[in-house]
Amino acid sequence: MIFKNKFDLTKQFGEVSMGDHLGIEFLEVGDDYVTARMPVDHRTKQPFGILHGGASVVLAETLGSIASVMCLDDMEKQRAVGLEINANHIRSVTSGWVYGKATPIHVGRTTHIWDIRINSEEQKLVCVVRLTVAVIDAK
């Protein structure tokens, strides 16, 4: 198991945040992954009626950042912050939910790299994301 810190994600990180605003719901924390879902609705669609690519990136960064926080040695002395994100949008979604799963590529002392796959309710690939997170000193 790579996660050193366990907590109820819905209570500690779900209120008054970007994820809360977009309706992101955490679903599961496994030994080396975190999953969440996000509605495809008026909050997450672009004007043409399809899922906004930026909303997919928010879901991905939310998943990867929380996964990094759970890997920190000392949450009082360290912070996990996004350093770089790359997203490839594969297909559009017009309604329902999208589901994201973050898995580690690299979990080091100063950087973490996450692979995040976002799928439709029909398990079709919607977006592929790579997120690099910097581990910094809390000040």
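## Exercises on a predicted model

Six strands make up an open sheet with antiparallel pairing, ordered β1-β2-β4-β5-β6-β3. The model is predicted.

**Exercise 1.** Find which strands are the edge strands of the sheet.

*Solution.* Start from the strand order, β1-β2-β4-β5-β6-β3. Next, look for strands that pair on one side only: these are β1 (25-29) and β3 (78-89). Then check the turn between neighbouring strands. It averages 25°, direction ignored.

**Exercise 2.** Describe how β3 pairs with β6, and what packs on the sheet.

*Solution.* Take the strand pair to begin with. β3 and β6 (residues 125-137) run antiparallel and share 11 bridges. Pick one position: Asn 86 stands opposite Arg 130 in β6. Now add the helix. α3 (residues 53-71) packs on the sheet and touches β1, β2 (34-39), β3, β4 (97-107), β5 (111-120) and β6. The direction of α3 makes about 135° with that of β5.

**Exercise 3.** Locate charged ends that sit over aromatic rings, then count the aromatic pairs.

*Solution.* Arg 37 lies over the face of Trp 97, 3.6 Å from the ring centre. Lys 101 places its charged end over the ring of Tyr 33, at 4.5 Å from the centre. For ring pairs, apply the cut-off of 6.5 Å between centres. The count is zero aromatic pairs.

**Exercise 4.** Count the disulfides, and decide whether Cys 71 and Cys 127 are buried or exposed.

*Solution.* A search of the whole structure gives zero disulfides. For burial, the threshold is under 20% relative accessible area. Cys 71 has 4%, so Cys 71 is buried. Cys 127 has 0%, so Cys 127 is buried.

How values were computed
Residues numbered from 1 in each chain as written. Predicted model: local features only at pLDDT ≥ 70, side-chain atom pairs only at ≥ 80, totals over all residues. Heavy atoms only, no water. Phe/Tyr/Trp six-rings, centres within 6.5 Å; stacked < 30°, edge-to-face > 60°. Lys NZ or Arg CZ within 6 Å of the ring centre and 35° of its normal. Disulfide = S-S within 2.5 Å. Buried < 20%, exposed > 50% of the residue type's maximum accessible area, 1.4 Å probe, protein only. Pairing = 2+ DSSP bridges. Helix = DSSP H or I, 4+ residues; strand = E, 2+ residues; numbered from the N terminus. Axes fitted to C-alpha atoms, helices over the stretch in contact; angles between N-to-C directions. Contact = heavy atoms within 4.5 Å.
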